Amino acid sequence: MSNNEKRLAGEAAIRYVEDGAIVGVGTGSTVAYFIDALADLRDRIQGAVSSSEQSTAQLKKHGIPVLDLNATGPLSLYVDGADECDPYKRLIKGGGAALTREKIIAEASEKFVCVIDSSKKVDLLGKFPLPIEVIPMARSLVGREIAKRGGQPVWRDGVVTDNGNWVIDVHGWQIADPAALENDLNQIPGIVAVGLFARRPANIVLIGDRLMD
Ligand SMILES: O=C[C@H](O)[C@H](O)[C@H](O)COP(=O)(O)O
């Protein structure tokens, strides 16, 4: 993992911010560099829609207005990190437990710029355990459904999401068809969101300050 590459990626994403924009902002150590850089453009944007309490605090610290997605409508730009990225710009996200709000904002945005360091680039998703946000009472049910599908569910004990839910990390899956798995898991009652971004992949990936093909 390279913090220098994370910083370069976060700062490079600034070039996609247009005057007057409302910017969707993800969560994590990479996007934190983006938020710091966004502070310099504070007077040229309307504000940001935030994916977590953590990012909200950082945005507010910089005096960037944090807006409600219900009030803004669709966004032109979403900037966020990832835990893994495959050659088709499909992602695993949620290492920081912010996957549900991230997924909502990504879906609401026209362009998703993903900022990563080179350690996140993989040929096949799944080495990073797949985060799944679940309603607490569904934890065991979801765990059994995952085991039926050959995964090893591990409860992220002690972690409560910003939505008051729990996270299961699934080990042992080599995800050959991310869209099919995402669709399948989304049918299980009690799953709030799956940290697979396959039906809504990134549009642009920055590895450090380099564009991924
Ligand atoms: O829930 C957290 C998010 O999906 C993050 O974007 C992801 O975990 C990457 O975080 P980082 O930039 O700190 O590696």
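Helix α1 (residues 3–12) lies across β6 and β12 and runs at about 140° to β12. Contact here requires two C-beta atoms, placed from the backbone, to lie within 7 Å. Axes are lines fitted to C-alpha atoms, for helices over the stretch in contact, and angles run from 0 to 180 degrees between N-to-C directions. Helices (H or I, at least four residues) and strands (E, at least two) are DSSP runs numbered from the N terminus.

The model is predicted; local features need pLDDT of at least 70, side-chain atom pairs count only at pLDDT 80 or more, and totals for chains, interfaces and linings use all residues. Residue numbers start from 1 along each chain as its sequence is written.

**The six-stranded sheet**

The strands β6 and β12 belong to an open sheet of six strands with mixed pairing, in the order β2-β1-β3-β6-β12-β13. Its edges are β2 (47–50) and β13, each with a single partner strand, so one side of each has no neighbour in the sheet. Helix α2 also packs on this sheet, where it touches β1 (22–25), β3 (75–80) and β6, and its direction makes about 115° with that of β6. Two strands count as paired if DSSP finds at least two bridges between them.

Strand β6 (residues 109–116) pairs with strand β12 (residues 204–207) in the parallel sense over four bridges, and V115 stands opposite L206 in β12. On the way to the edge, β12 pairs with β13 (residues 210–211) in the antiparallel sense over two bridges. The bridge partner of I207 in β13 is R210. The hairpin of β12 and β13 has two residues between the strands, and G208 there takes a positive phi near 60°.

V113 is a residue of strand β6. This residue is buried, with 25 other C-beta atoms within 10 Å. A residue is called buried if 20 or more other C-beta atoms lie within 10 Å of its own, exposed if 12 or fewer, and partly exposed in between, with C-beta atoms placed from the backbone. Leaving aside neighbours within four places in sequence, V113 is in contact with A13, Y16, L77, V79, A202, N203, I204 and L206. V113 and A13 are 100 residues apart in sequence, while their C-alpha atoms are 7.1 Å apart in space.

**The four-stranded sheet**

A second group of strands forms an open sheet of four with antiparallel pairing, in the order β8-β9-β7-β10. The edge strands are β8 (152–155) and β10 (191–194), each of which pairs on one side only. From one strand to the next the twist averages 30°. Strand β7 (residues 130–134) pairs with β10 in the antiparallel sense over three bridges, with E133 opposite A193 in β10.

Helix α6 (residues 139–148) lies across β7, β8, β9 (166–171) and β10, and runs at about 15° to β9. Helix α5 (residues 99–108) lies across β7 and β10, at about 65° to β10.

**Helix α5 and the ligand**

Seven of the ten residues of α5 are buried; these are L99, T100, R101, E102, K103, I105 and A106. E102, in helix α5, is covered by the UniProt annotation "active site", from an unreviewed entry. UniProt positions are given in the numbering used here, feature names are shortened, and annotations may be inferred rather than shown by experiment. E102 counts as buried because 30 other C-beta atoms lie within 10 Å. Apart from neighbours within four places in sequence, E102 is in contact with G26, T27, S51, D80 and K93.

Of the 17 residues around the ligand, G28, T30, G81, G95 and G96 come nearest. A residue is near a molecule if its C-beta atom, placed from the backbone, lies within 6 Å of it. The elements giving two or more residues to this shell are α2 (29–38) and α5. By class the shell has four nonpolar, nine polar and four charged residues. Ala, Val, Leu, Ile, Met, Phe, Trp, Tyr, Cys and Pro count as nonpolar, Asp, Glu, Lys and Arg as charged, and the others, Gly among them, as polar.

**Positive phi outside glycine**

Most residues other than glycine have a negative phi. The table lists two residues with positive values.

| Residue | Phi | Loop | C-beta atoms within 10 Å |
|---|---|---|---|
| K89 | near 65° | between β4 (84–85) and β5 (91–92) | 18, partly exposed |
| A97 | near 70° | between β5 and α5 | 22, buried |
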